[in-house]
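Please read this report with the sequence and the model side by side, following each residue as it comes up.

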Amino acid sequence: MGTWTWFHKLASPPHFYRIAGKMIPWYAIPAVVLIVCGVYGGIVLAPADYQQGDAFRIVYVHAPAAWLSLLCYTVMATAAAVGLVWRIKLAHALAAATAPIGASFALLCLATGSIWGRPMWGTWWTWDARLTSQLILLFLYLGYQALRSAYDDITKADRASAVLAVVGVVNVPIIHFSVTWWNSLHQGATVIRAGGPAMPPSMLIPLILCFFGFTFLYAALACVRVQAEVLRRERNAHWLQDAMGARGAKE
Amino acid sequence: MNAPMTSPWAAAGLVLRRDLALAFRRWEQVTHPVVFFLMVATLFPLALSPKPSLLADIGAGVVWVSALLSSMLALESLFRADVEDGTLEQLTLSGQPLAILVLAKTVAHWLLSGVPLVLASPVVATAFGAAGTAYGVLMGSIALGTAVLSLIGSVGAALTVGSRRGSVLLSLLVLPLVMPVLIFGARATDLALHGDPSAAGPLWLLGSMLILALTLTPFATAAALRISLE
C-alpha cells in the first residue's frame with residue numbers, strides 16, 4: 001500500500017491545492033524564460049527561410065500551439081478516464097480545467113495557420129487534411145464544453161463529459177486518418193509537403209525552446225485553473241474555510 | 001429463490017419487439033425523419049442551381065448530408081420517452097446487462113430511422129441524375145453509415161437525455177464524431193454514381209467502422225445512461 005499513498009494523497013483536494021499553488025512559479029518562470037528566448041531566437045537570430053522569407057517565423061507560435069492542443073486532449077481524456085474509473089474528483093477537476101486551455105490552443109493554431117496561409121498559399125483557408133482535422137479537434141473541445149455547461153450538477157457534468165472525452169479520444173485517430181485519406185482522394189497537389197527540407201539548428205533550437213516553453217505554460221495554466229476548480233467545488237469544505245477563514249470572518 | 005432469469009439475448013429481443021411495436025403505433029415517428037430527409041435534399045437545388053451537371057456532381061454529398069441531419073433529428077427520441085416514463089430505470093434495474101439492452105434499442109432505432117432512409121435514398125439520387133446501376137452501392141453505404149450513426153449517436157443521446165437542452169447539444173456532441181462516416185459514405189456513393197468500381201474501398205472502411213462501433217459503443221452508451229439516470 002505504501003507505494004500508493006502518494007497517489008491518494010495527491011488526489012486529496014487540500015493537498016493538491018497546496019501543491020498546485022507551490023508549483024505555479026516553478027512552471028510559470030521557465031515558461032516565460034523559454035518562450036522569450038525561443039521567440040527572440042526565432043524572430044531575431046534565426047535566418048529568413050530561403051523560400052518563405054520572414055513569414056515562416058509564425059511557426060514559433062503555430063507549431064507549439066498545435067502540439068499543445070493535442071497534448072491537452074490527451075491529458076483531458078486520460079484524466080477523465082482516471083476520474084471515471086477510480087472516481088477521483090480531482091482528476092475530473094483537471095479534465096475540466098484542461099479543456100478550455102486545449103480549445104484556446106486549437107483556436108490559436110487555426111488562427112496562426114490562417115495568417116500564415118494568407119501570404120504562403122494566397123488564401124486564408126484551405127481544406128487541407130491537417131487544417132480540417134485541427135478544426136474537428138476544436139469542435140470536439142466545444143462539444144465537451146457544451147456538455148459540461150448543460151448540467152447544473154457538477155458530479156453529473158464530470159462523469160458525463162468524461163464518457164464523451166473517452167469516446168472522443170478513441171475517435172481522434174479515426175478522424176485524423178479519414179481526413180487524410182479524404183484529402184488525398186480529393187486533390188492531388190497539397191500545399192503542405194510532408195517532411196520538407198530539414199531545418200538548420202539556428203531555426204530548430206528556438207522552435208524546441210518554444211515547444212518546451214508552451215508545455216510549461218500549459219502546466220502553469222493548468223495549476224491555476226485546477227486551483228480555481230477546487231475552490232469552486234470545495235467552497236463549503238471545512239479545510240477551505242479554515243484556510244480562508246481569517247479573512248472571511250472579518251469581512 | 002428467483003425464477004430462472006431470461007437470457008440476455010432473449011431480453012434484448014423483447015426490448016426490440018417492444019420498441020418496434022411502439023413505433024408502429026405512433027407511425028409519424030418513422031415518417032417524419034424521411035420527410036425531413038426529402039425536404040433537406042430539395043433545398044440544395046433551390047439554393048444552388050438546377051443545372052444537371054452540377055446536380056450530378058453534388059448528388060452524393062447531398063444524399064449524405066441530408067441523411068446525417070435526418071438521423072440526428074431522430075436520435076433525440078431514442079431514450080427520451082423511456083426516461084420520462086421510467087422504463088429505462090426499470091431496464092437498468094432488471095439485472096440484465098444494460099449494454100445488450102441498449103444495443104437492442106439502438107438496433108430498433110436504426111430499423112425505424114435508418115432503413116427508411118435507405119429506401120428513400122434512390123429517390124433522391126434519381127432526382128440528382130444518378131444512373132440506376134449505382135443504387136446497390138448507394139443503399140449499401142447508406143445502410144452501413146446510418147447504422148454507425150445510430151450507434152455513435154446513441155452515446156450522445158444517452159449523455160444528453162438527463163439535461164434540459166435537447167437536440168442542439170446532441171448535434172454538437174455527435175457531429176464531430178461522425179465526420180469520418182460522412183467522408184467515407186459520401187466517397188463510396190460518389191464513386192458509385194460516377195461508375196467507378198473502386199467504391200468498394202470506402203464501403204469496406206464503413207463496414208469496419210460499423211464493427212468497431214458495434215463492439216465499443218454499447219458499453220459507452222450504457223455507462224452514459226447510468227450517469228444520466230443517477
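B:M179 counts as buried because 21 other C-beta atoms lie within 10 Å of its own, and the cut-off for that label is 20 or more. This is a reading of a predicted model rather than of an experiment. B:M179 belongs to helix α8 of chain B, and, leaving aside residues up to four places away in sequence, B:M179 touches A:I136 and A:I175. By contrast, B:F36, which is 143 residues away along the chain, has its C-alpha atom 20 Å from that of B:M179.

The helix that holds this residue deserves a slower look. In α8(B), 22 of the 27 residues are buried, so that the helix is mostly covered by the criterion already used for B:M179. The helix is also not straight: a kink of about 45° lies at B:V178, shortly before the proline B:P180. Its end C-alpha atoms are only 32 Å apart, although a straight helix with 27 residues would reach 39 Å at 1.5 Å a residue. Just after α8(B) comes B:G195, whose phi is positive, at about 70°.

The other chain, to which the two contacts of B:M179 belong, can be described by a few totals.

| Feature of chain A | Value |
|---|---|
| Helices | 8 |
| Strands | 0 |
| Buried residues | 40% of 251 residues |
| Contacts joining residues at least 24 apart, among those between residues at least 6 apart in sequence | 79% |

From the N terminus on, then, the elements of chain A run α-α-α-α-α-α-α-α.

Conventions
Residues are numbered from 1 along each chain as its sequence is written. Chains are lettered from A and ligands numbered from 1 in the order in which they are written. This is a predicted model: local features need pLDDT of at least 70, side-chain atom pairs count only at pLDDT 80 or more; totals for chains, interfaces and linings use all residues. Helices (H or I, at least four residues) and strands (E, at least two) are DSSP runs, numbered from the N terminus. The expected span of a helix is 1.5 Å times one less than its number of residues. The bend at a residue is the angle between axes fitted to the seven residues ending there and the seven starting there. A residue is buried if 20 or more other C-beta atoms lie within 10 Å of its own, exposed if 12 or fewer, and partly exposed in between; C-beta atoms are placed from the backbone. Two residues are in contact if their C-beta atoms, placed from the backbone, lie within 7 Å.
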